[in-house]
Amino acid sequence: MKRVPIVGPTYEEMLHPEKIDPEIRKRAIEMKKKDPLHPINLFNISWKDENNEIRYFVMPKELTGVDANIIVLYAKDFPSGSHKVGATYSVLMEKTITHEVDASIHKLVWPSTGNYGIGGAFVSSRMNYDSLVILPEEMSQERFDIIRKYGSDVIATPGCESNVKEIYDKTKELKQNDPEHIRVLNQFEEFANYRFHYYVTGNTMIETVKRYHIGNERIAAIVLGVGSAGTIASGDRVKQEFPEVKIVAMEPVQCPTIALNGYGGHDIQGIGDKHVTWIHNVMNNDAVVLVDDVDSKKMLQVLTDEEGKKFLKEFVDPEMVEYISDKFGISGVANVIGAIKMAKFYNLKSDDNIFVVATDNIARYHSVMEQMTETYGKLERAEAKSRVERIFLYQETSGIFEGDKYNRERWHNLKYYTWIEQQGKTIEELDAQKEQKYWEEHQKKVHEINKLLEQYREEHKATLRKVWLEK
């Protein structure tokens, strides 16, 4: 029997959910709590809540130790608990309406180190597709549990966060064994991932500083960990609005691929994958900053552990301590550390704004926190105080590499080894990526995709509304 794929919002509706059909919007908000696995929850993919308020907060300056406003967009309340669901929805939505995948024939394979796979599992089942997630075996147990809960199969490959080649090898094997039915949706090369963050995340950042009158209502820097390089595409949009913005890629010091052509294992789950991705506009990057994975996990423990929070409440508003305690995962904390380093490096003042993103939340890392306790012992006040001072308040401006002409060219050239030698891309397209007009062409496709999706929804209106509004 022919399956009709279920779709959800356009890029414009993800940016401005108030533009969604009121009946659909009301139903989506209702089902978010009543049935979070219902397909109507696709319409809850947005940085905005049910009141169209942006999900953000400004880090307390007494905790960061810098004058600049470090603004956190947090993704905890996205469907699936991470903004990666926006990227996976966009990838599958585009392939659905352009007929590159067929729900009646194809099984979708999502190669991932975590949140992309979780997002892929969520959207696949909601959109009426069968799916399989490929994930390194050392990722947190919560990731594997959530993927299965969402209705996807999962294969564990050898290694940790940075063992992406092993994921590639498994996807290649699956594709070769069943080329007729397997379709691989690779976040590292899919431009729908780039478009979601360019248009939805980037414009949300711009709206945040203007709408809520933060600082000078401009953006001085964006500091974001690079995994697929989807989120950092937001910087391309922000730089069009605020040309002075510094787009800073954050990497683990244990795996400094962009910074130092380096490699290695690390545990900032979701970033640092030993290659430069196809969709990373490195010629528009202004710097790379290195952050220690252990420091990131240690500070996540301080922010979420009861003893850590008790110490923070001695000098930070207690309500704020509780508010932010469930908003971060490891990479979100790493982004904040990177932002502190860059605020000091650029000598940013009290009116200057730096954006980071909290990609997921502590719900993904309870097992990691248990391992931290086993390794370092139960967190006590003295240790919490030491961590806050060393990792946040007195963080050094080390491990920073600015994007001069030669560094940008080196970052670009690193793409050759993965994408030309291993993945079959062309030299001509790699060369084209040096020019910003290449990226601008991909940005313009947002509006074309919006129109195609609206046409698809009209063609399948009866089927879609029956699914969206079913009791």
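Helix α8 has 21 residues and stretches 29 Å from its first C-alpha to its last, close to the 30 Å expected at 1.5 Å a residue. That comparison, like everything below, comes from a predicted model. The helix is also well wrapped up: 19 of its 21 residues are buried, so α8 is largely enclosed by the rest of the structure. After the helix comes H213, which has a positive phi, near 50°.

What does α8 (residues 191–211) lie across? Its partners are the strands β1, β2, β7 (221–225) and β10 (353–358), and its direction makes an angle of about 135° with that of β2. These strands belong to an open sheet with seven members, in the order β1-β2-β10-β7-β8-β9-β11, and the pairing in this sheet is mixed. At the edges sit β1 (56–58) and β11 (400–402), each of which pairs on one side only. From one strand to the next, the twist averages 25°.

Starting from the β1 edge, β1 and β2 (residues 69–74) run antiparallel and are joined by three bridges. Here V58 stands opposite I71 of β2. Towards the other edge, strand β8 (residues 246–252) runs parallel to β9, with five bridges between them, and A249 has V288 in β9 as its bridge partner. On to the edge strand itself: β9 and β11 are held in an antiparallel pairing by three bridges, with A287 opposite E402 in β11. So much for the pairing; what about the surroundings of β9?

Strand β9 (residues 287–291) is mostly covered, with five of its five residues buried. Its side chains go two ways. A287, V289 and V291 point to one side, while V288 and L290 point to the other, and all of them are buried.

Next comes a single residue worth a closer look. H83 is located in the loop that links β2 to α4 (84–97). Is H83 buried or exposed? With 0% relative accessibility, H83 counts as buried. Its side chain makes a polar contact with the side chain of T231, at 3.2 Å. T231 has plenty of company around H83: leaving out residues up to four places away in sequence, H83 also touches W47, A75, F78, F196, H197, V357 and T359. Of these, F196 and H197 fall within the residue range of α8, and V357 falls within that of β10.

The model has a second sheet as well. This one is open too, with four strands in the order β5-β4-β3-β6 and parallel pairing. The edge positions go to β5 (153–157) and β6 (182–184); each has a single partner strand, so one side of each is left without a neighbour in the sheet. The twist from one strand to the next averages 25° here. Within this sheet, β3 (residues 107–111) and β4 (residues 130–136) run parallel and are joined by five bridges. W110 has V133 as its bridge partner in β4. Helix α5 (residues 115–126) lies across both β3 and β4, running at about 160° to β3.

Now for the packing inside. The largest nonpolar core has 95 residues, and those with the most contacts inside it are Y11, Y89, L92, V123, M205 and I219. Which helix gives the most to this core? That is α8, which supplies ten residues. As for Y89, the residues in contact with it, apart from neighbours within four places in sequence, are V7, G8, P9, M14, L42, I45, V123, M127 and L453. There is also a second, separate core of 54 residues, with L63, Y74, F311 and A339 among its members.

One last helix rounds off the picture. In α15 (residues 366–376), the buried residues are S367, V368, M369 and M372. An α-helix has 3.6 residues a turn, so residues three or four places apart point the same way. The buried residues of α15 pack against three helices, namely α6 (141–149), α11 (293–304) and α14 (330–345). Following α15 is G377, where phi is positive, near 90°.

Conventions: Residues are numbered from 1 along each chain as its sequence is written. This is a predicted model: local features need pLDDT of at least 70, side-chain atom pairs count only at pLDDT 80 or more; totals for chains, interfaces and linings use all residues. Side-chain values use heavy atoms; hydrogens and water are left out. Two strands pair if DSSP finds at least two bridges between them. Helices (H or I, at least four residues) and strands (E, at least two) are DSSP runs, numbered from the N terminus. Axes are lines fitted to C-alpha atoms, for helices over the stretch in contact, and angles run from 0 to 180 degrees between N-to-C directions. Contact means heavy atoms within 4.5 Å. A nonpolar core is a set of buried Ala, Val, Leu, Ile, Met, Phe, Trp, Tyr and Cys residues joined through side-chain atoms within 4.5 Å. Buried means under 20% relative accessible area, exposed over 50%, partly exposed in between (1.4 Å probe, protein chains only). A polar contact is a pair of N or O atoms within 3.5 Å; within protein, one must be able to donate a hydrogen and the other to accept it, and residues adjacent in sequence count only if both atoms are side-chain atoms. The expected span of a helix is 1.5 Å times one less than its number of residues.
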